[in-house]
Amino acid sequence: MLAVLAGLATGCQPQPEPTPTASVFASEEEAFAAAEETYRAYVDALNQVDLSDPETFEAVYAWTTGELNATDRKNFSAWHADGYSKSGEARITETRAGAVHRLGSPDVTVRMEACYDVSAVDVVDKEGKSVVSPERPSLQRLALVFVTADTPTSLGIDAISPAEGDLNC
């Protein structure tokens, strides 16, 4: 009893056990659903971009992290400065779940593939000339990496790259 009183008098109190942080998702299915919802929100934000109005870029940035966020910021700023304009909308035609890493932790990584149809999208310069490469495929097979982020879905897109595999785009 004297030891407890002495500890309280000197400010030394037992420290509580750290509480482990719960995982963001209860299952792989829940993580994949969040990843697809995140990607659809990102594409919706891209479709709403007006290259003459940088305020419209913010919704895109809100769904990205890391290098993808930095690349989007650089590209949209350059396109705005160059006076480009965008027309048409892209759409997701198919998604496929990949893998979930660290499901039991607060730092989840989700991989997914998607078919992305950009056939209706054009970007033109100040003179109205398209700056889209004639070699750009209308349907693109993409590999996406999502990480835990402060978004409505708890995921942000960390990377997008061309995918290899049998996803039929």
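How many helices and strands does the secondary structure of the protein come to? The count is 4 helices and 6 strands, and everything shown here comes from a predicted model.

**Figure 1. The overall layout: helices, then strands.** Reading from the N terminus, the elements go α-α-α-α-β-β-β-β-β-β. Among the elements that come up again in the close-ups are α2 (28-47), α4 (66-81), β5 (139-148) and β6 (155-162). The protein has 169 residues, and 34% of them count as buried.

**Figure 2. A close-up of the largest nonpolar core, which has 36 residues.** Tyr39, Tyr42, Phe76, Val110, Tyr116, Leu144 and Phe146 are the ones with the most contacts inside this core. Helices and strands both chip in: α2, α3, α4, β2 (91-101), β3, β5 and β6 each supply at least two of the core residues. The top contributor is α2, which gives 10 residues. As background, nonpolar side chains in soluble globular proteins tend to be buried together.

**Figure 3. Phe57, Tyr61, Phe76 and Trp79 sit together in one aromatic cluster.** Across the structure, the count comes to 6 aromatic pairs. Take phenylalanine 57 and tyrosine 61 to begin with: their ring centres are 6.4 Å apart and their planes meet at 70 degrees, so this pair is edge-to-face. Both of these residues, phenylalanine 57 and tyrosine 61, are buried. Phenylalanine 57 also pairs with phenylalanine 76, and here the centres are 5.1 Å apart with the planes at 25 degrees, so the pair is stacked. That pair links distant parts of the chain, with phenylalanine 57 in the loop between α2 and α3 (58-61) and phenylalanine 76 in helix α4, 19 residues apart. How buried are these two rings' residues? Phenylalanine 57 has a relative accessible area of 3%, so it counts as buried, and phenylalanine 76, at 6% relative accessibility, is buried too. Phe76 is worth a second look, as it is also among the residues with the most contacts inside the largest nonpolar core.

**Figure 4. A disulfide joins cysteine 115 and cysteine 169.** A search of the whole structure turns up 1 disulfide, and its sulfur atoms are 1.9 Å apart. Which hand does the disulfide have? The torsion about the S-S bond of cysteine 115 and cysteine 169 is about -90 degrees, so the disulfide is left-handed. Cysteine 115 belongs to strand β3 (residues 109-117) while cysteine 169 is in the segment after β6, so the pair ties together parts that are 54 residues apart in sequence. The two ends have their own surroundings: cysteine 115 is buried, with a relative accessible area of 0%, whereas cysteine 169 is partly exposed, at 33%.

**Figure 5. The largest pocket, with a volume of about 870 Å³.** The lining has 31 residues, and Leu46, Trp79, Tyr116, Val118 and Gln140 are the closest to the centre of the pocket. Two of these names will be familiar: Trp79 is part of the aromatic cluster, and Tyr116 is one of the residues with the most contacts inside the largest nonpolar core. What sort of residues make up the lining? They divide into 21 nonpolar, 6 polar and 4 charged. Each of α2, α4, β5 and β6 supplies at least two lining residues, and α4 gives the most, with 6.

Definitions and conventions
Residues numbered from 1 in each chain as written. Predicted model: local features only at pLDDT ≥ 70, side-chain atom pairs only at ≥ 80, totals over all residues. Heavy atoms only, no water. 1 Å grid on protein atoms, 1.4 Å probe; cavity = no way out; pocket = protein on both sides within 12 Å on 5 of 7 lines; lining within 4 Å. Points joined across faces, edges and corners; volume = space filled by probe spheres on them. Nonpolar A, V, L, I, M, F, W, Y, C, P; charged D, E, K, R; others polar. Phe/Tyr/Trp six-rings, centres within 6.5 Å; stacked < 30°, edge-to-face > 60°. Buried < 20%, exposed > 50% of the residue type's maximum accessible area, 1.4 Å probe, protein only. Disulfide = S-S within 2.5 Å. Core = buried A, V, L, I, M, F, W, Y, C linked by side-chain atoms within 4.5 Å.
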